Amino acid sequence: MITNKQSGTNVHEISDGIYRISTPVTFPGGGGFTFNQYLIAGGEPLLFHTGPRKMFPLVREAVAIVLPVENLRYIGFSHVEADECGALNEWLAAAPQSIPLCGAVAAMVSIEDLADRSPRALADGEVLPLGGHTVHWLDAPHLPHGWDCGFLVEERTATLLCGDLFTQGGADLPPLTDSDILGPSEEFRQRMDYFSHTVNARMLLDKLAATDPTTLACMHGSAWRGNGKALLGTLADSLAG
Ligand SMILES: [Fe+2]
Ligand SMILES: [Fe+2]
């Protein structure tokens, strides 16, 4: 469903009760990109990624299609960058019951200072029930980038909110696909070098794979459905190659 005709911002349910909000951006010289946020619409709704600050009105409009914005309880994100949490304070103002949700490093290094309210900092493996959904946090320092990086897994739907992993370029991609996303994302990685060169990549990808995800909620490009464990393993091989 398109929620803003001008920007093309759209919303699709990619797992039971989990909505992908996506805004496409096209570049003057050709090509494009998408900025996605994921809304887990349980009893205690969680928005994962705020979108860049300048996109706040578009993302707010899209969230409001699914649930009242002021009902949001958690504003979560993978790591500190504009597209992940640039609109954090705008969300905290729009949803008075909400608090930031992030890993312990992001809380300590940035969010206690940057955010208008103190965060709930999750430890590696810590579980957070959301009413109808349950997430747990996995630390993933420097994968693909950011000391503070980590991801959420929604357990009932086996959805890995995988942030910048499997980033695909392009503005006109399907919301959810079961076709190859590794090829396009590896092409993007070669071009943009957005992965750190951590020696722990395989260990961290093995940790993510152990959750056996069947949906990968990518922040840029299509979400993906399939054997996530196998795909994460193939990414580890590709990074090592
Ligand atoms: Fe990032
Ligand atoms: Fe991102």
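**Two iron ions and a strand pairing**

Author: In this predicted model, the iron ion (ligand 1) and the iron ion (ligand 2) lie 3.8 Å apart, with Asp164 coordinating both. Residues are numbered from 1 along each chain as its sequence is written, and ligands are numbered from 1 in the order in which they are written.

Reader: How do you know that His79, Glu81, His145 and Asp164 are donors to the iron ion (ligand 1)?

Author: Donors are N, O and S atoms within 2.8 Å of the metal (3.2 Å for Na, K and Ca), and water is not among the atoms, so sites may look incomplete. Here His79 (NE2), Glu81 (OE), His145 (NE2) and Asp164 (OD) coordinate at 1.9 to 2.2 Å, so they count as donors.

Reader: Why is the site of the iron ion (ligand 1) called irregular?

Author: Its four donor atoms make angles of 88 to 162°. Four donors count as tetrahedral if all angles lie between 85 and 135 degrees; four count as square planar and six as octahedral if opposite donors are over 155 degrees apart and all others between 65 and 115; anything else is irregular. The site falls under irregular.

Reader: What makes His79 and Asp164 buried?

Author: Buried means under 20% relative accessible area, exposed over 50%, partly exposed in between (1.4 Å probe, protein chains only). Both His79 and Asp164 are in the buried class.

Reader: How do you know that β12 and β14 pair?

Author: Strands are DSSP runs (E, at least two residues), numbered from the N terminus, and two of them pair if DSSP finds at least two bridges between them. Strand β12 (residues 159-163) and β14 have three bridges, in the parallel sense, so they pair. Thr159 stands opposite Thr215 in β14.

Notes:
Predicted model: local features only at pLDDT ≥ 70, side-chain atom pairs only at ≥ 80, totals over all residues. Heavy atoms only, no water. Helix = DSSP H or I, 4+ residues; strand = E, 2+ residues; numbered from the N terminus.
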